Amino acid sequence: MKVAIFGQYYQENSQRSIKEIFAFFKKRDVEVIVENIYYSVLREKNVLDQTHSTYTSPDDFDRETKLMISIGGDGTILRAATFVRDSGIPILGVNTGRLGFLAKVQQENIESYLQLILDGDYTLSARTVLSLHCSEEIPELQLNFALNEITVNRKDTTSMITIETFLDGEYLNSYWADGLIISTPTGSTGYSLSCGGPVLMPEVDSLVITPIAPHNLNARPLVIPDSTEIRLKVSGRESQYLVSLDSRRVAVANESILTITKTPYKIMMVELEGETFIKTLRNKLLWGQDKRN
């Protein structure tokens, strides 16, 4: 068995957890490979007591790679997904960040949860992924997929943009707004939620269209089947607008046509007993905290 380790940032408060993870797998003779940049940081900080193989792209994974551990917050998991892609390698998030809807393993119980993984005592949650295609060639858009959401935003202006929206070729609406979010169920607890969108259970076959600060006040979030092809045409006072795929942003020319569809593959997330999505909602959103309950 081989385990891949990924992290974006090194924080002093995570040193103990990182050492615990590496020590756990060393004791059990599990081979560990580490993302190259993150490995360099850990070596520089003297966190590791031995050398490890590294990876720089999805091509570096082989059939022995059974798991990726993401050390950080939810944003780190989104970045880890760009390495996993369609490989089917499941991701386990160790939360050294803040909110942590995806990174569910807390630092105080890492070893017990890792043992569950080795024992095969876990399930997998298949998460919908969105892909983006643009009518204009965008060299920066090499990773054209998103686990959380695809968003269009205004750029270099305080003026709103107009987003003509079509579902399976049929005109839906022209949103006059700061932007528009196309969210997966995974992303429904992120940016979309903060803009008034609903929370979706991870298992539902749906997407959410959520306007950002719409000027047409009757525009409300809309839940649609995830089989829908979404086409957007954006116009505004500036020559470009921004497109975000999770945390990756590119500038796109006005009047370009964006087509958003569900990818044929899904990202697999590790689910551990006792760390359910409903429990996460209660803990993170403080549901059930009303004293009358």
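Analyst: Let's start with a term: two residues are in contact when they have heavy atoms within 4.5 Å. This is a predicted model, so local features need pLDDT of at least 70 and side-chain atom pairs count only at pLDDT 80 or more, while totals for chains, interfaces and linings use all residues. Residues are numbered from 1 along each chain as its sequence is written, and side-chain values use heavy atoms, leaving out hydrogens and water.

User: Okay, which residues is I21 in contact with, leaving aside its neighbours within four places in sequence?

Analyst: I5, I69, I71, V94, I110 and L114.

User: Which residues touch the most other members of the largest nonpolar core?

Analyst: In soluble globular proteins, nonpolar side chains tend to be buried together. A core here is a set of buried Ala, Val, Leu, Ile, Met, Phe, Trp, Tyr and Cys residues joined through side-chain atoms within 4.5 Å (buried: under 20% relative accessible area, exposed: over 50%, partly exposed in between, with a 1.4 Å probe and protein chains only). This one has 28 residues, and I5, I21, F25 and I69 touch the most other members. Elements giving two or more residues to this core include β1 (2-7), α1 (15-27) and β4 (65-72). α1 gives the most, 5 residues. Apart from this core lies another, of 27 residues, among them I161, L167, L245 and L258.

User: And how much of the protein chain is buried?

Analyst: Of its 293 residues, 50% count as buried.

User: What share of the contacts with a separation of 6 or more joins residues 24 or more positions apart?

Analyst: That's 67% in the protein chain. As for its extent, the C-alpha atoms fill a box of roughly 60 × 55 × 35 Å, taken along the principal axes.

Definitions and conventions
Helix = DSSP H or I, 4+ residues; strand = E, 2+ residues; numbered from the N terminus.
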